[in-house]
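Biologist: I am new to this one. Please show me the model, and then I will ask about it.

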Protein chains: 2
Amino acid sequence: MNSFHPISKILMGPGPSDVPVRILEAMARPTIGHLDPQFIDLMDEIKALLRYAFQTEYTLTFPVSAPGSAGMETCFVNLVEPGDSVIVCVNGVFGTRMVENVTRAGGKAIVVNDEWGQPVDPQKVEEVLHTHPKAKTLAFVHAETSTGVLSDAKTLCALAQAHGCLTIVDAVTSLGGVPVKVDEWGVDAIYSGTQKCLSVPPGLSPISFGPRAIAVLEARKTPVQSWFLDLSLVMNYWQGARSNSERQHRDSAEEKSARSNSERQHRDSATKNPARSYHHTAPINAMYALHEGLLMLREEGLDAAFARHQTCHEHLRDGLEALGFSFLVDKAYRLPQLNTVCIPTGVSDEAAIRKALLEKHNLEIGAGLGALAGKAWRIGLMGASASRGNVDKCLGALKEELG
Amino acid sequence: MNSFHPISKILMGPGPSDVPVRILEAMARPTIGHLDPQFIDLMDEIKALLRYAFQTEYTLTFPVSAPGSAGMETCFVNLVEPGDSVIVCVNGVFGTRMVENVTRAGGKAIVVNDEWGQPVDPQKVEEVLHTHPKAKTLAFVHAETSTGVLSDAKTLCALAQAHGCLTIVDAVTSLGGVPVKVDEWGVDAIYSGTQKCLSVPPGLSPISFGPRAIAVLEARKTPVQSWFLDLSLVMNYWQGARSNSERQHRDSAEEKSARSNSERQHRDSATKNPARSYHHTAPINAMYALHEGLLMLREEGLDAAFARHQTCHEHLRDGLEALGFSFLVDKAYRLPQLNTVCIPTGVSDEAAIRKALLEKHNLEIGAGLGALAGKAWRIGLMGASASRGNVDKCLGALKEELG
């Protein structure tokens, strides 16, 4: 065995996406300790940058030290207690995974099904909210990675609030690619991944919890079943240990100033923070990469990033349609960053085409997942992968391989 | 905010340890997909290299996609069902954490306490095994990171086997620093971390499960409470999905040949593996780093690595004793890689000394944890940190700061 030198691939699947050299370089900086004041300052900057990405003032906003699936589990194990009813919208693989999470946390999942390729239907959700007045939480996937469908998070959150339900939102594929407005929509708990539209290597899951979610966490009658994901412990590392009311009050003042002022002032404010207590050893170098990726997002600006994803999508769409592809998803709720196309009827061995793209053209596209396996391809335009050059390469390679 | 350029530190705390440039460079190679055949081959190599580090033929040997605490939780949530009795040996912080894990998995923890700074007492364990014949599992920490104590894993495993108990062993700080002989000792389930004696950045937790542990997993009456850590699902990604008996049989033949033959043959064997099914997106670049760190361990050889840790320890010990330090732990069961010393009575502000070491000398040592906070320091010599140069720098800096 030798050192691993992978042949570089253009990543146009459902994630990971292309990681810019600038982010890879940041990841390779010297590892320091997880309680080093330099690292504590970095954690504070990551929190501030994530609040920008999520468009929120929520102070409990930080990356869970594991991939997106663990971010999902963080939301469910902290907010669901045995016996709780949770309405879960299922229109693809990740809604199904939410049901698993509810059940394993001892909750009862009330499932609202929509067809794969369709968004969550708010009318169905409203009916279920009416017929299940004791449901505590509404959970749904904002951008279904298995189908490429965007659901109307704003409307769904408003419905949940009208019925006194918390919301848990999966933004793994949406964050950084289409608007995610946590505060404006009143999302209570949300999780994402790093390896989609943030273009950071996989391994961390940014989450954000609002005051209603924290109140539910603090009012729990049973301990959180996971020690590793128990936010009542993890937050002592990410925020410092203090009384709850004090935490709520001081953080919002401190962190607002941290965001608007210079780095020097920020550092001063950080030193006033109470001591961070050890919970687990954070993935130090992965945090360097996330910090750099979030800086790049802020430099580009959210609106510019969304526009870039949309423009590339339109270019790809035109090219794919010219090649005879049809989209699984209606354009009204199609994700620009994840294009699910039906495999043409003339293609007898779709896996062979994907293999040729990967091996001859060094270009990865995604297979269909779950019910769509063998029937659809998923072409990602996420983060740095959303470039005109990538679109052209992808169209050229597909044209060649499809003959 | 700007890109993060940390001031590099010599890491002589309880982990993370110094990460060699070679490993940082590996981590910065281009991100590829988690189902790319290149990555599947890398996974197979990591499994083979981990079997070398753990000294085992167990086929279910791979890194969990999260830090050591998640490796601990993987062992407990998969092997403990509600109502199970688990004997847990507590002689420091991490034994206490094991109790938390047992309780949160619905099990009943039967605690065997030993003083902090003492090893687990096999005689006490034997008595408890006698008085609790229905106990299903014995769990203990091989190398307690909070105290620097090595317990006698061989004897404890033999006792457990004599009483028909499974063993769960914490090898977070021992792996790569002192012998860990999974097969010879008959360990059933073991977990470690990357950021200690492997000198790889934190973020992954190597684990190994033997046939008795897998049988317990397969005989479960209740689902594993964590979806993310459910080995019955995760193993489909790391081993490929097949029937259980087929898996046991074929893996052992396949993987033995992979270990003894050339890389090319290994690749051939890998292509014969059944398809790996997606579970979660693995932390790709963290795996590059682990692969490189394990290669370096194999190049040096386990015995040479153990000898290096021991030699550096003796040099440090002599220097510390000359400075008037006494060790918390008797030399009979002292970890060479983690030196816990009592803070001299003349030191009024121990935190100020550690701060001076970190800021003036760019050298990190560890504070006391839990009951030892303020009373002890933990000086790590783990992995690449175990060098004569580091020992000399540490002794010089301590001498200067203690006046």
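Biologist: By what turn can chain B be laid on chain A?

Modeller: This is a predicted model: local features need pLDDT of at least 70, side-chain atom pairs count only at pLDDT 80 or more, and totals for chains, interfaces and linings use all residues. Residues are numbered from 1 along each chain as its sequence is written, with chains lettered from A and ligands numbered from 1 in the order in which they are written. Superposing by least squares on C-alpha atoms of residues with pLDDT of at least 70 in both copies, chain B fits chain A with an RMSD of 0.0 Å, a shift of 0.0 Å along the axis and a turn of 180 degrees. That is the relation of a two-fold axis.

Biologist: Which helix gives the most to the side of chain B that touches chain A?

Modeller: Contact means C-beta atoms, placed from the backbone, within 7 Å. On that basis 61 residues of chain B touch 61 residues of chain A. Helices here are DSSP runs (H or I, at least four residues; strands are E, at least two), numbered from the N terminus. With 7 residues, the top contributor is H12(B).

Biologist: Why do the copies meet through the same surface?

Modeller: Compare the interface residues of the two chains. Those of chain B are also interface residues in chain A, so the surface is shared, at 98%.

Biologist: How far apart do the C-alpha centres of domain 1 and domain 2 of chain A lie?

Modeller: The bounds come from an automatic or database domain assignment. Domain 1 is 10-16 + 302-402, and domain 2 is 21-300. Their C-alpha centres are separated by 28 Å.

Notes
Contact = placed C-beta atoms within 7 Å.
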